[in-house]
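Me: I am new to this structure and would love a close look at a single part of it. Could you take me through how two of its helices pack, and then show me what lies around them?

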Amino acid sequence: MKNILPILTIGLFSLPIKAQEQEPEIKTSTEHLNFLNNTRKAEIFKEKKIPINEVKKNIEILKKQLSVAIESNPLVYTYAQRYISYNWLPKVIGISKYYFSLFEIKAKKYQVPDELKYLAVVESALNPTAVSPTGAKGLWQFMPGTGDNFGLKENEYVDIFLDPVANTDCAMNYLKKLNNRYNNWLLAISAYNCGAGNVDKAIQKAKSSDYWVVRRFLPLETQAYVPSFLALCYVFNFYQEHGIEIPNFKYSFMKDFKPIVISEDTNINEISQKYNTPLNILLFANPQLLSNFIPKGSIVYTLKTTYH
């Protein structure tokens, strides 16, 4: 679960959904992005204004492209403006080139909407080693109990919760199951955050299955969760129109890396040399490796071609 901060809302749309004076915000840790360039903490947030009419126009375009229902309402606008104001956002968009190739393949495998990839940005800001105060781990922030049900395991050498492929497989599978339960992606996404039991209770209290009616009966963090996701759907599709320049990230997970099943006990240095993958790149691609020792049967991701 994420930490919550108040977020000021600018209620400028003349639409049925009204924003409160303060909306909950999901607090995001972004230290893992510092390798892309230096970030001074004093400049983490600098408020930027985005044209309301432009957002409304672009969301109408998105409605035709997305399977998940997105609305032009004050909440989505508020959260979109908030994300665009973070100076770490360009870094996340830059590194998404690496992870989204994996997420898109898995979305097709499980026949779920491609845009679910943006949910990992809400969950972890694309940090594969993210660990929440409640113990949720990985790109998609699986809790130990839920992860165990989907086959995620860990020992002193390998933590499959942190494996980008395994974590993504479980997330897409779980999201599909939740949508089968609710037949509503916004409710399914809410359940991914707070659990199906809490969503069921909220539906009963609201006497409705309309997410925007149910939302106020959900836990505070979950009230921030779906608007954050929808805002990121917007931001990732239209960031260029708002003057955001992104750093170039060299690699793509699916294009540049291949899985290797380790046939005998070995270590990171030996794998680096054997598969011509520089140690720093090998460690980046394999956050699941917890020690230098790699036991037999482990899956390791190495470069497909010789590094130059």
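Reply: Here is a walk through one helix pair, followed by a few loops elsewhere in the chain.

A word on the source before we start: this is a predicted model. The protein chain has 308 residues, of which 54% count as buried. Its secondary structure comes to 13 helices and 6 strands. Among contacts between residues at least 6 apart in sequence, 69% join residues at least 24 apart.

Now to the pair itself. Two packed helices are described by the angle between their axes and the distance between the axes. Helix 3 covers residues 89–110, and helix 10 covers residues 220–238. Their axes are 11 Å apart and meet at an angle of about 85 degrees. An angle of 65 to 115 degrees counts as roughly perpendicular, and helix 3 and helix 10 are therefore roughly perpendicular to each other. On the helix 3 side, the contact is made by L89, V92, I93, S96 and F100. Helix 10 brings L232, V235 and F236 to meet them. Sorted by type, the residues of this contact are 7 nonpolar and 1 polar, with no charged residue.

Let us stay with helix 10 for a moment. This helix has 19 residues and reaches 28 Å from its first C-alpha to its last. That span is close to the 27 Å expected at 1.5 Å a residue. Helix 10 is also mostly covered, with 17 of its 19 residues buried.

From here we can move to the loop between helix 13 and strand 5, where Q288 lies. Is Q288 buried or exposed? Its relative accessible area is 1%, and buried means under 20%, so Q288 is buried. Leaving aside neighbours within four places in sequence, Q288 is in contact with several residues, including Y157, V158, D159 and L162. The list of its partners also includes D163, P164, I299, V300 and Y301.

N292 sits in this loop too, between helix 13 (279–285) and strand 5 (293–294). With a relative accessible area of 40%, N292 is partly exposed. Beyond residues up to four places away in sequence, N292 touches T266, N267, I268 and N269. One of these pairings shows how the chain folds back: N292 and I268 are 24 residues apart in sequence, yet their C-alpha atoms are 5.3 Å apart in space.

Two other loops are worth a visit for their backbone. Most residues other than glycine have a negative phi, and most peptide bonds are trans. N183, however, has a positive phi, near 50 degrees. You will find N183 in the loop between helix 6 (164–182) and helix 7 (185–194). At 68% relative accessibility, N183 counts as exposed. N276 has a positive phi as well, near 50 degrees. This residue lies in the loop between helix 12 (268–274) and helix 13, and N276 is partly exposed, with a relative accessible area of 41%.

Last, a look at the cysteines. How many disulfides does a search of the whole structure find? The search finds 0. Two cysteines to look for are C170, which is buried at 7% relative accessibility, and C194, which is buried with a relative accessible area of 14%.

Technical notes:
Residues numbered from 1 in each chain as written. Predicted model: local features only at pLDDT ≥ 70, side-chain atom pairs only at ≥ 80, totals over all residues. Heavy atoms only, no water. Axes fitted to C-alpha atoms, helices over the stretch in contact; angles between N-to-C directions. Helix = DSSP H or I, 4+ residues; strand = E, 2+ residues; numbered from the N terminus. Parallel < 35°, antiparallel > 145°, perpendicular 65-115°, else oblique. Contact = heavy atoms within 4.5 Å. Nonpolar A, V, L, I, M, F, W, Y, C, P; charged D, E, K, R; others polar. Disulfide = S-S within 2.5 Å. Buried < 20%, exposed > 50% of the residue type's maximum accessible area, 1.4 Å probe, protein only. Expected span 1.5 Å × (residues − 1).
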